[in-house]
Amino acid sequence: EYWRFMTDHTTIEEIDAQVQVLLGQASPDEDLRAESKEASLVERREYLVDVDGELTWGEDVALLKIEGDGLPTVPLGSGANLASGERIFVIGYTAIDSGDLFEDRERTLEPTITTGIVSARRTLKSGIDSIQTDAAINPGNSGGPIYNSEGDVVGLATFGSDLRLESVDFGLPIELAQDLMAFYGVENTTSQSHDTFSTGLDAYWRGDCATATSHMRQVLELDSDHPYAREYLQACESGT
C-alpha cells in the first residue's frame, strides 16, 4: 500500500545520472581488479512499455560509449535461430548476499558463469521474441551476455519469471542490440589483440609452438593484462 501511494503521488524530476563502465580483470592466479571508465549514454530503450494500458517488458537495452584503445571485444552472433535444446552460457557478476562466507572482493569482482539450454522461444506481449532458459539469471549477471557453444554472443540475460518457477529465466536476442548499433553506425569489429590471440591459439592446438609463441608475445605487447596469452606462452616454452 505504501509503494502504491508513493507511485500515485510522487514524481522524480531532473535526475543527474552518471554512468561508469567497469572493465574487470580476472586473469588466472592473479588478483581481481577492475578499471572504471566514464561512459556516455547514447540511447536507452525502455524496459517497460505500455501495451493496451498494461505495462509489460520492452526491449530493455542501452547503447553506451566509452573512450579507449585496445579494449576487449566479443563476437556477436545471432539469437534469431536459437532452438530449444541448444546449450548456452551466461557470464556476469552475480550479486552474492551471503553474509561472512566470502571475502568482499570475491563477492563483487569475481565473474560467474552459469550454463543451461534454451528451454523454449516465447513472444512477449510487446511482440518481442524472448529466449527461455534454465541457465540461472540473477541480479548482477542480468544484462550480461548469453553465449552459444561457438563463443558468440547470441542474447542478453534479462529477467526471471514473476511466477517464482525454478529454472525459468529469460533473455532477449542480441539482434535488439545490433539494431541499435546499426542505427548509430556502430560496427562490431574484433580488436587486433583478439585476432592475434585467435591465430596464436589455433597454432597452439595444431602443435605449432613457434607460431603460437610469436603471436602470444604480440598479444602481450598489445595488452599486457590479457588473461590467457601468458599462460599459453609459458606452456609452449615449457613444452607442455
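**Exercise 1. A nonpolar surface patch**

Task: Identify which residues make the nonpolar surface patch of about 370 Å², and state where Tyr 184 is placed.

Solution.
Step 1. In this predicted model, Val 42, Phe 183, Tyr 184 and Val 186 make a nonpolar surface patch of about 370 Å².
Step 2. Tyr 184 belongs to the loop between α3 (175–183) and α4.
Step 3. The relative accessible area of Tyr 184 is 36%. Buried requires a value under 20% and exposed a value over 50%, so a residue in between is partly exposed. Tyr 184 is therefore classed as partly exposed.

**Exercise 2. The chain as a whole**

Task: State how many helices and strands the chain has, and what percentage of its residues is buried.

Solution.
Step 1. Six helices and 11 strands are found in the chain.
Step 2. Of the 240 residues in the chain, 31% are buried.
Step 3. The accessible surface comes to about 15600 Å², and carbon and sulfur atoms hold 49% of this area.
Step 4. Among contacts with a separation of 6 or more, 54% join residues 24 or more positions apart.

**Exercise 3. Helix α6 and the largest core**

Task: Determine which residues of α6 are buried, what covers them, and which element gives the largest share of the largest nonpolar core.

Solution.
Step 1. Helix α6 spans residues 229–238, and its buried residues are Ala 229, Tyr 232, Leu 233, Ala 235 and Cys 236.
Step 2. Viewed down the axis of α6, these buried residues fall within an arc of 160 degrees, so they line one face of the helix. The spacing agrees with a general rule: an α-helix has 3.6 residues a turn, so residues three or four places apart point the same way.
Step 3. The cover over the buried residues of α6 includes α4 (192–205) and α5 (209–222).
Step 4. The largest nonpolar core has 12 residues, including Phe 197, Tyr 204, Met 216, Leu 220, Tyr 232 and Leu 233. The elements giving two or more residues to this core are α4, α5 and α6, and α6 provides the largest share, five residues.
Step 5. Apart from this core lies another, of 10 residues, among them Val 90, Val 118, Ile 131 and Val 154.
Step 6. Setting aside residues up to four places away in sequence, Tyr 232 touches Phe 197, Leu 201, Tyr 204, Trp 205 and Met 216.
Step 7. Gly 239 follows α6 and has a positive phi, near 75 degrees.

**Exercise 4. Salt bridges**

Task: State how many salt bridges the structure holds, and which parts of the chain the pair of Lys 125 and Glu 54 ties together.

Solution.
Step 1. The structure holds nine salt bridges.
Step 2. One of them joins the side chains of Lys 125 and Glu 54, at 3.2 Å from N to O. Lys 125 lies in the loop between β7 (112–123) and β8 (129–133), and Glu 54 lies in strand β4 (residues 54–57), so the pair ties together parts that are 71 residues apart in sequence.
Step 3. Lys 125 is exposed, at 56% relative accessible area, whereas Glu 54 is partly exposed, at 41%.
Step 4. Arg 121 and Asp 129 also meet through their side chains in a salt bridge, at 2.4 Å from N to O. Arg 121 is partly exposed at 24% relative accessibility, and Asp 129 is partly exposed at 28%.
Step 5. Glu 43 forms a salt bridge with Arg 45, and their closest N and O atoms are 2.7 Å apart. A network of salt bridges links Glu 43, Arg 45 and Glu 59. Arg 45 is partly exposed, with a relative accessible area of 23%.

**Exercise 5. A loop residue, Asn 141**

Task: Decide whether Asn 141 is buried or exposed, and state which residues are in contact with Asn 141.

Solution.
Step 1. Asn 141 is placed in the loop between β8 and β9 (145–148).
Step 2. Its relative accessible area is 0%, and Asn 141 is therefore buried.
Step 3. Leaving aside neighbours within four places in sequence, Asn 141 is in contact with Val 90, Ile 91, Gly 92, Tyr 93, Thr 94, Thr 114, Ala 136 and Ala 157.
Step 4. Asn 141 and Gly 92 are 49 residues apart in sequence, while their C-alpha atoms are 3.9 Å apart in space.

**Exercise 6. Positive phi outside glycine**

Task: Give the phi values of Glu 14 and Asp 60, and classify the accessibility of Glu 14 and Asp 60.

Solution.
Step 1. Glu 14, a residue other than glycine, has a positive phi near 50 degrees. Glu 14 is in the loop between α1 (2–9) and β1 (19–25) and is exposed, with a relative accessible area of 79%.
Step 2. Asp 60, likewise a residue other than glycine, has a positive phi near 55 degrees. Asp 60 is in the loop between β4 and β5 (61–65) and counts as partly exposed at 32% relative accessibility.

Technical notes:
Residues numbered from 1 in each chain as written. Predicted model: local features only at pLDDT ≥ 70, side-chain atom pairs only at ≥ 80, totals over all residues. Heavy atoms only, no water. Buried < 20%, exposed > 50% of the residue type's maximum accessible area, 1.4 Å probe, protein only. Helix = DSSP H or I, 4+ residues; strand = E, 2+ residues; numbered from the N terminus. Arc of directions from axis to C-beta. Contact = heavy atoms within 4.5 Å. Patch = residues over 30% accessible without salt bridge, like charges linked within 9 Å, V, L, I, M, F, W, Y side chains within 5 Å. Areas by Shrake-Rupley, 256 points an atom, 1.4 Å probe, with all protein chains shown as cover. Salt bridge = Lys/Arg side-chain N within 4 Å of Asp/Glu carboxyl O. Core = buried A, V, L, I, M, F, W, Y, C linked by side-chain atoms within 4.5 Å.
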